[in-house]
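Reader: I am new to this structure and would like to understand how its labels are justified. Could you show me the model and then take my questions in turn?

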Amino acid sequence: MKRIYEILEECKLQENLDDVLRILKQNQSPALKEVLRCAYHPNAEWYFKDWPKGYRKPDTLPGISQTNLYTEINRIYLFQKGHPVADKMTQEKRNDLLVQLLEGMEYDDSQVLIDIFNGDLQIQGLNKDIDRKSTRLNSS
C-alpha cells in the first residue's frame with residue numbers, strides 16, 4: 001500500500017484533474033478521504049498554520065517511522081478550531097501533542113499535515129470545491 005504522501009506526490013505530477021481523480025480513486029481509503037476532507041472542507045479552521053514550536057525534523061529513514069497518516073489522521077480533531085476537545089486544551093498542550101505526532105511520522109507525512117492546516121495539498125485542480133468534484137471519485 002502506498003503512503004498517503006506518495007499518492008499525493010503522484011497527483012502533483014498530473015496535468016489534469018481527471019488524472020488526479022483517477023489516482024485518488026485507485027488509492028481511496030478512509031484515511032485518504034479524511035485527508036482530503038480536512039484539507040478542503042470550507043469550514044475547517046486549524047490552530048496551526050506552520051510547524052509547531054519545538055518541532056525537530058526526524059532523521060529516520062523512510063519506511064521505519066513509528067506511525068503514519070493512515071493511523072494518525074483520526075487525531076487531527078485535536079488541532080481543529082471549534083472542536084470541543086481541542087478548544088478545551090491550552091495552546092501549549094496542543095503544541096506538545098502536535099510535536100509528538102509529527103516527530104513520530106516521516107517528514108513527508110508531516111508536511112502533508114501542515115498542508116492540511118493551510119487548506120491546500122498543492123495539487124493542481126483540487127480546492128475547496130472538492131466535495132463537488134469528489135462525486136466523481138465515488139462513481140464507477
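Reader: What makes Glu9 partly exposed?

Author: In this predicted model, Glu9 has a relative accessible area of 41%. Buried would require under 20% and exposed over 50%, so Glu9, at 41%, is called partly exposed.

Reader: How do you know that the side chains of Lys12 and Glu9 meet in a salt bridge?

Author: The distance between them, taken from N to O, is 3.3 Å, and the rule asks for a side-chain nitrogen of Lys or Arg within 4 Å of a carboxyl oxygen of Asp or Glu, so the pair of Lys12 and Glu9 qualifies. The two residues are 3 residues apart in helix α1, which means that about one helical turn separates Lys12 and Glu9. Lys12 is itself partly exposed, because its relative accessibility of 30% falls between the two cut-offs of 20% and 50%.

Reader: Why is Glu72 called buried, and what is Arg75 called at 30% relative accessibility?

Author: Glu72 has a relative accessible area of 12%, which is under 20%, and therefore counts as buried. Arg75, at 30% relative accessibility, counts as partly exposed. The side chains of Glu72 and Arg75 meet in a salt bridge with an N to O distance of 3.0 Å, which is within the 4 Å that the rule allows.

Reader: Which residues do salt bridges that share partners join into one network?

Author: Arg3, Glu106 and Asp109 are joined in this way. Within that network, the side chains of Glu106 and Arg3 meet at 3.3 Å, N to O. This pair links distant parts of the chain, since Glu106 lies in the loop between α6 (91-103) and α7 (107-117), whereas Arg3 lies in the segment before α1 (4-12), 103 residues apart. Both Glu106 and Arg3 are buried.

Reader: How many salt bridges does the count come to by this rule?

Author: The count comes to 7 salt bridges. As general background, side chains of opposite charge can pair when their charged atoms come close.

Reader: Why does the structure hold 0 disulfides?

Author: A disulfide needs two cysteine sulfur atoms within 2.5 Å. The sulfur of Cys11 has its closest cysteine sulfur in Cys38, at 17 Å, and therefore is too far away for a bond. For Cys38 the closest cysteine sulfur is likewise that of Cys11, at 17 Å.

Reader: Are these cysteines, Cys11 and Cys38, buried or exposed?

Author: Cys11 has a relative accessible area of 1% and is buried. Cys38 also counts as buried, because its relative accessibility of 1% is under 20%.

Conventions:
Residues numbered from 1 in each chain as written. Predicted model: local features only at pLDDT ≥ 70, side-chain atom pairs only at ≥ 80, totals over all residues. Heavy atoms only, no water. Buried < 20%, exposed > 50% of the residue type's maximum accessible area, 1.4 Å probe, protein only. Helix = DSSP H or I, 4+ residues; strand = E, 2+ residues; numbered from the N terminus.
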